[in-house]
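Colleague: I'm new to reading protein models, and one helix in this one caught my eye. Could you walk me through it slowly, and tell me how it fits in with the rest of the chain?

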Amino acid sequence: MDPGVPDVAQDFAIPGGSGEAMEDNLAANINYMVSHPLQDAVMVETAEMYKTPINCASLKVPTVNPVVWAPMSSIMRAQEIRFQRVLKLISAGITALGRQVESCGMTKVQKHMLALFCNSFFEINCMRKIAIRPLLHPRFAGLCKPSNVQTPGFLFGEDLSKQIKEIDEEAKTFGRMKPFNFGQRWTGYSRKRFDFGAGSSRGRSMIRKNFQPAQPNAHPFI
């Protein structure tokens, strides 16, 4: 019950969105830690105590495929590095929770904790792809879909060239467009030109030419 709402109105009032109160000291610590920067060196040291288990490969933070990383601007790279830093902390938190419960089973609350942590890890990887999507050739925007399973290793999968080929073959099969020649420029837009970036010929074809990254204060997900 919300103490700020009169007793009769409790049944009709719009829920305030708050849960039951925590122990005061614990609540004070949480409020401080989520609203203040913590020491980088201490956080890195703490995360190092919980290295990714050898049988949890998907918990390692995937890196950006080299062919995508090469043409990224310094602004996009800085943003990507921040994403990776946050993911490493979440990964360490998941590992710490797993170490705590692996020998004694999990309570319902601990299961909820694990699901929330893991989904946060997945969602941030999706946000990374969304932030990179403007750099990609429009045909390959599907590689950034949130429904895609995130494989270990690289953000866009281990075999990016194979995925590019499959996208082209699918387009050919359904007759939506002619087979894409990975060695030619794409000229679908009259006022925009695209580059091939760096890397293999297939990888190069997925990068826009003259890509203009968002300004530092612009929201990358709009």
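**A close look at helix α5**

Modeller: Sure, let's start with what is tucked away: in α5, the buried residues are Q110, F121, I124, N125, C126, R128, K129, A131 and I132. Keep in mind that this is a predicted model. Those buried residues pack against two other helices, α3 (66-69) and α4 (74-101). As for the helix itself, α5 covers residues 108-132, which makes 25 residues. From its first C-alpha to its last it reaches 37 Å, close to the 36 Å expected at 1.5 Å a residue.

Now pick one residue from that list. Q110 sits in helix α5, and it counts as buried because its relative accessibility is 16%, while the cut-off for buried is under 20%. What does Q110 touch, leaving out residues up to four places away in sequence? Its partners are L97, Q100, V101 and G105.

Next, have a look at R128. R128 forms a salt bridge with E80, and their closest N and O atoms are 2.3 Å apart. E80 belongs to helix α4 and R128 to helix α5, so the pair ties together parts that are 48 residues apart in sequence. Are these two buried or exposed? Both E80 and R128 are buried. If you wonder about the chemistry, side chains of opposite charge can pair when their charged atoms come close.

Helix α4 has more to show you. M76 lies in α4 and is buried, with a relative accessible area of 8%. The C-alpha atoms of M76 and L135 are separated by 9.7 Å, although the two residues are 59 apart along the chain.

Another salt bridge involves α4 too: the side chains of D40 and R85 meet at 2.6 Å, N to O. D40 is in helix α2 (residues 40-48) and R85 in helix α4, so this pair ties together parts that are 45 residues apart in sequence. Here D40 is partly exposed, at 48% relative accessibility, and R85 is partly exposed as well, at 38%. The count of salt bridges comes to 3, and E48 with K51 makes another of them, at 2.5 Å from N to O. E48 counts as partly exposed at 46% relative accessibility, whereas K51 is exposed at 55%.

Let's move to the surface. M22, L26, I30 and V34 form a nonpolar patch there, with about 370 Å² of accessible area together. One of them, L26, lies in helix α1 (residues 24-35) and is partly exposed, at 42% relative accessibility.

Now zoom out. The protein has 7 helices and 0 strands. Of its 222 residues, 27% count as buried. Among contacts with a separation of 6 or more, 64% come from residues 24 or more positions apart. The protein exposes about 15,100 Å², and carbon and sulfur atoms supply 57% of that.

How confident is the predictor? The mean pLDDT of the protein is 79, and 75% of its residues reach 70 or more. Over residues 188-200 the pLDDT stays under 50, and the model has 30 contacts beyond four places in sequence for that stretch. Residues 214-222 are also below 50, with 9 contacts in the model beyond near neighbours in sequence.

Key: Residues numbered from 1 in each chain as written. Predicted model: local features only at pLDDT ≥ 70, side-chain atom pairs only at ≥ 80, totals over all residues. Heavy atoms only, no water. Helix = DSSP H or I, 4+ residues; strand = E, 2+ residues; numbered from the N terminus. Expected span 1.5 Å × (residues − 1). Buried < 20%, exposed > 50% of the residue type's maximum accessible area, 1.4 Å probe, protein only. Contact = heavy atoms within 4.5 Å. Patch = residues over 30% accessible without salt bridge, like charges linked within 9 Å, V, L, I, M, F, W, Y side chains within 5 Å. Areas by Shrake-Rupley, 256 points an atom, 1.4 Å probe, with all protein chains shown as cover. Salt bridge = Lys/Arg side-chain N within 4 Å of Asp/Glu carboxyl O. pLDDT = per-residue confidence, 0-100.
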